[in-house]
Amino acid sequence: MTGSTVDPAGDTTSVAASGAAAGYRPSRTLPFGAEFRRQASRRRTQLALGFMVLLPLIILIAFQFDSNDDDNGGGEFGSLIDLATSGGLNFTLFTIFVSASFLLVVVVALFCGDTVASEASWGSLRYLLAIPVPRARLLTVKLLVALAYSALALVLLAGTALAIGTMRYGWSPLRSTVAAQLEPGEGLLRLLAVLGYLAIVLLVVAGLAFLLSVTTDAALGAVGGAVLLWILSSILDQITALGMIRSFLPTHYSTAWLGLLSTPMQTDDIVRGTVSAICYATVFWGLAFWRFTRKDITS
């Protein structure tokens with residue numbers, strides 16, 4: 001049921017029974033595409049995605065300075081470098097290996113931790129809500145856009161590494177220090193599985209950064225806080241005296257993707273890590289929505 005009101009100028013405006021203007025649809029506010037394009041125009045998005053493309057090129061150039069007299073540092077890392085130059089798949093695997101523990105964590109924390117806190121720091125958050133954009137929808141759209149850019153960064157890193165690695169070193173079987181040689185087709189599928197698992201593990205970082213983003217008006221604090229807490233969890237995971245407590249840390253299964261490269265594949269820790277990451281991410285996102293829908297927006 002709708003009624004009408006007449007303003008001093010004599011215009012008639014339809015008003016819904018709920019008090020909203022006729023034609024107002026909360027689901028049509030802040031479209032995903034508009035927010036995606038808006039974030040694409042930001043310098044931090046362009047720099048972050050650009051670096052994902054640039055990093056494999058930097059690694060490739062660094063390999064060109066390799067000397068036969070140099071043992072590449074020796075040990076397991078040295079053997080990984082030797083494998084990296086044996087084919088495009090191996091080069092991609094090496095790039096993922098050196099990026100997974102820190103770089104990708106920072107990038108995901110940047111996209112998810114900056115999304116709401118930056119609006120608050122600019123003073124534009126309250127104007128978005130006054131459009132009006134429902135709080136739950138604003139958070140949902142911003143979270144989905146942040147996750148989309150995080151996934152895009154991961155794909156750009158691996159895709160660029162695979163492309164330039166294949167052009168430089170050829171299309172060869174995938175080899176690693178924990179598995180028998182895998183044919184290129186199967187090796188590519190294993191790499192896709194690795195990327196999928198990494199994306200799931202990084203949901204924990206996304207959830208933590210997003211929670212901090214709705215808690216503080218300082219974007220740097222949200223991003224840095226998520227990264228520092230992830231590092232703290234990684235440090236605690238190395239302390240064997242903690243016993244079973246370590247298995248409840250969000251970083252405990254962060255390297256379980258190595259099991260996807262073994263022969264046969266070891267998936268027990270993959271399943272545990274997936275369940276752990278989804279649980280942590282769900283809790284963090286739930287707390288973020290609960291907090292944001294109840295806080296006073298003053299900035």
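Which residues does Ser 233 touch, not counting residues up to four places away in sequence? Find Ser 233 in the model, which is a predicted one, and look around. You'll see that Ser 233 touches Leu 249, Pro 250 and Thr 251. Ser 233 itself sits in helix 9, the stretch covering residues 219-237. Is Ser 233 buried or exposed? Its relative accessibility is 5%, and since buried means under 20%, Ser 233 counts as buried.

Now let's turn to the charged side chains. How many salt bridges are there? The count comes to seven, and we'll walk through some of them.

Start at helix 1, which runs over residues 32-40. Here Glu 35 pairs up with Arg 38 in a salt bridge, and their closest N and O atoms are 3.4 Å apart. Both residues belong to that helix, and they are three residues apart, so about one turn of the helix lies between them. The two partners don't get the same label for accessibility, though. Glu 35 has a relative accessibility of 1%, so Glu 35 counts as buried. Arg 38 comes in at 33%, and that is why Arg 38 counts as partly exposed.

Next, move along to Arg 42, whose side chain meets that of Asp 114 in a salt bridge, at 2.7 Å from N to O. This pair links distant parts of the chain: Arg 42 is in the loop between helix 1 and helix 2 (43-63), while Asp 114 is in helix 5 (residues 103-122), and they are 72 residues apart. Are these two buried or exposed? Arg 42 is buried, with a relative accessible area of 15%. Asp 114 is buried too, with a value of 8%.

For another pair, jump ahead to helix 10, which spans residues 268-292. Arg 272 and Asp 269 form a salt bridge there, and the closest N and O atoms are 3.0 Å apart. Again both partners lie in one helix, three residues apart, about one turn. This time Arg 272 counts as partly exposed because its relative accessibility is 44%. Asp 269, at 38%, also counts as partly exposed.

One last thing to look for goes back to helix 1. Which residues are joined into one network by salt bridges that share partners? They are Glu 35, Arg 38 and Lys 142. So if you return to the Glu 35 and Arg 38 pair in the model, try finding Lys 142 as well, since shared partners in salt bridges put these residues in one network.

Conventions:
Residues are numbered from 1 along each chain as its sequence is written. This is a predicted model: local features need pLDDT of at least 70, side-chain atom pairs count only at pLDDT 80 or more; totals for chains, interfaces and linings use all residues. Side-chain values use heavy atoms; hydrogens and water are left out. Helices (H or I, at least four residues) and strands (E, at least two) are DSSP runs, numbered from the N terminus. Buried means under 20% relative accessible area, exposed over 50%, partly exposed in between (1.4 Å probe, protein chains only). Contact means heavy atoms within 4.5 Å. A salt bridge is a side-chain nitrogen of Lys or Arg within 4 Å of a carboxyl oxygen of Asp or Glu.
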